[in-house]
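This report describes helix packing, burial and selected loop residues in one protein model. Please consult the sequence and the structure shown below.

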Amino acid sequence: DLLIALLKAFKLPTDIQGDAFGKIYEYFLGKFAMAEGQKGGEFFTPISLVKLIVEIIEPYHGKILDPACGSGGMFVQSAHFVENHHRKASSEISIYGQEKVADTVRLCKMNLAVNGLSGDIKEGNTYYEDLHNATGKFDFVMANPPFNVDKVDKERLKDDTGRYPLGMPRADNANYLWIQLFYSSLNENSRAGFVMANSAADARQSELEIRKQLIRAGVVDVVIAIGSNFFYTVTLPCTLWFLDKGKTSTHQPFLPF
C-alpha cells in the first residue's frame with residue numbers, strides 16, 4: 001500500500017506510456033547509489049553493464065538466478081530483453097534471487113513490482129546458504145558480486161563440493177568462490193555472465209589452478225575488459241566474464257599462463 005501511495009504522489013500524466021514507474025525507480029536507485037558512496041555498489045550496477053551482460057547471454061526463456069541480486073537490475077533488464085523480442089517476460093522467464101541485506105531485498109522486490117514482475121527473492125548469505133537449491137538448476141546466471149571479500153569461513157565450505165566443485169582458493173579472497181557458485185548453478189546447456197574484479201584474471205597459486213580447470217572444461221566463452229569510472233562509487237576498471245556450458249570444443253584450449 002505504501003509503494004502504491006508513493007507512486008501516486010508523482011502525479012504523472014494520464015497518457016504516459018511505457019514502463020514509466022520502472023524508469024523513475026531506476027533513476028532514484030542511481031541517485032541513491034551515488035549518495036551512499038562505497039556502499040552504493042552493493043545494490044546498483046550501471047545499466048549499461050547490465051544491458052551488455054543480458055545482450056550477450058540472451059535470456060530468451062528459462063530460469064534466471066542472481067545470487068547477489070542487489071536491487072534486481074539484472075532481472076529487470078532480462079525482462080526488457082524478452083519484451084523487446086516481442087515475448088511476454090512473465091511467461092518466458094522465472095526469476096530467483098538471493099541477497100544478504102534485508103533492506104536491499106526489499107529494494108529488489110519493489111523494483112520487480114514497479115516493472116510488473118515477480119520473483120522468488122530470498123534473504124541469506126550466499127556463501128553458506130543455498131536457498132534455491134541452485135546446483136545444476138539454472139538456465140542463466142547473472143550477477144555483480146562484491147569484489148575481493150575476505151574473512152569468508154572456508155572451513156564451512158570445504159565439504160560442499162556441489163557448490164564449490166573446483167576446490168577452495170587458499171587466498172583470503174572470495175572472488176573464486178563466487179565464480180564457482182555461478183559455474184555450479186548452471187545446467188548442462190546454460191550460460192552465465194557476471195562482473196568480476198580485474199585481479200581475478202591473473203591471480204596466481206590456488207586461484208590459477210581453479211582458473212585452469214574452468215578453461216580446460218571448455219566453458220569459458222569470453223572475457224570483456226571494462227574501463228575505469230563505469231561505476232558510481234568505484235573508479236577501478238573491472239571485467240565481464242561469460243561462461244557457456246553448451247559450448248563445445250574439439251581441441252585442447254590454449255592456456256596463456
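Lys151 counts as exposed because its relative accessibility is 69%, where exposed means over 50% relative accessible area, buried under 20% and partly exposed in between, with a 1.4 Å probe and protein chains only. The residue lies in the loop between E4 and H7; helices (H or I, at least four residues) and strands (E, at least two) are DSSP runs numbered from the N terminus. Lys151 is not a glycine, yet its phi is positive, near 65°.

The model is predicted, so local features need pLDDT of at least 70 and side-chain atom pairs count only at pLDDT 80 or more, while totals for chains, interfaces and linings use all residues. Residues are numbered from 1 along each chain as its sequence is written, and side-chain values use heavy atoms, with hydrogens and water left out.

**Loop residues**

Another residue with positive phi is Glu58, at about 50°, although it is not a glycine. Glu58 is located in the loop between H3 and strand E1 (62–66). With a relative accessible area of 33%, Glu58 is partly exposed. A positive phi, near 75°, is also found at Gly218, which follows H8.

Tyr128 belongs to the loop between strand E3 (120–123) and E4. Its relative accessibility is 24%, so Tyr128 counts as partly exposed. Beyond its neighbours within four places in sequence, Tyr128 is in contact with Lys151, Val152, Asp153, Arg156, Leu157 and Arg163, contact meaning heavy atoms within 4.5 Å. The C-alpha atoms of Tyr128 and Lys154 are 9.4 Å apart in space, with their positions 26 residues apart in sequence.

**Overall composition**

The protein contains 8 helices and 7 strands. Of its 257 residues, 46% count as buried. Among contacts with a separation of 6 or more, 70% are between residues 24 or more positions apart. The exposed surface of the protein is about 13,100 Å², of which carbon and sulfur atoms supply 51%; accessible areas come from the Shrake-Rupley method with a 1.4 Å probe, and for residues only the protein chains shown count as cover.

**Helix pairs**

Two packed helices are described by the angle between their axes and the distance between the axes. Axes are lines fitted to C-alpha atoms, for helices over the stretch in contact, and angles run from 0 to 180 degrees between N-to-C directions.

| Helix pair | Angle between axes | Distance between axes |
|---|---|---|
| H7 (175–184) and H8 (206–216) | about 20° | 11 Å |
| H3 (47–57) and H4 (73–84) | about 55° | 9 Å |

The angle for the first pair makes H7 roughly parallel to H8. Angles under 35 degrees count as roughly parallel, over 145 as roughly antiparallel, 65 to 115 as roughly perpendicular and the rest as oblique. The crossing of H7 and H8 is left-handed; a crossing is left-handed if the near helix is turned anticlockwise from the far one by less than a right angle, and right-handed if clockwise. On the H7 side, Tyr176, Ile179, Gln180 and Tyr183 make the contact, and on the H8 side Glu207, Ile210, Arg211 and Leu214 do so. By class, these residues divide into 5 nonpolar, 1 polar and 2 charged, where Ala, Val, Leu, Ile, Met, Phe, Trp, Tyr, Cys and Pro count as nonpolar, Asp, Glu, Lys and Arg as charged, and the others, Gly among them, as polar.

H3 and H4 are oblique to each other, and their crossing is right-handed. H3 contributes Ile47, Val50, Lys51, Ile53, Val54 and Glu55 to the contact, and H4 contributes Gly73, Met74, Gln77, Ser78 and Phe81. This contact has 6 nonpolar, 3 polar and 2 charged residues.

**Burial of H7 and H8**

Because 10 of the 10 residues of H7 are buried, this helix is largely enclosed by the rest of the structure. The cover over its buried residues includes strand E4 (138–143), strand E5 (186–197), H8 and strand E7 (238–244). Leu181, found in H7, counts as buried at 4% relative accessibility. Apart from its neighbours within four places in sequence, Leu181 is in contact with Thr126, Arg163 and Tyr164. Leu181 and Gly162 are 19 residues apart in sequence, and their C-alpha atoms are 9.1 Å apart in space.

H8 is mostly covered, with 8 of its 11 residues buried. The buried residues are Ser206, Glu207, Leu208, Ile210, Arg211, Lys212, Leu214 and Ile215. Their cover includes H7, strand E6 (220–226) and E7.
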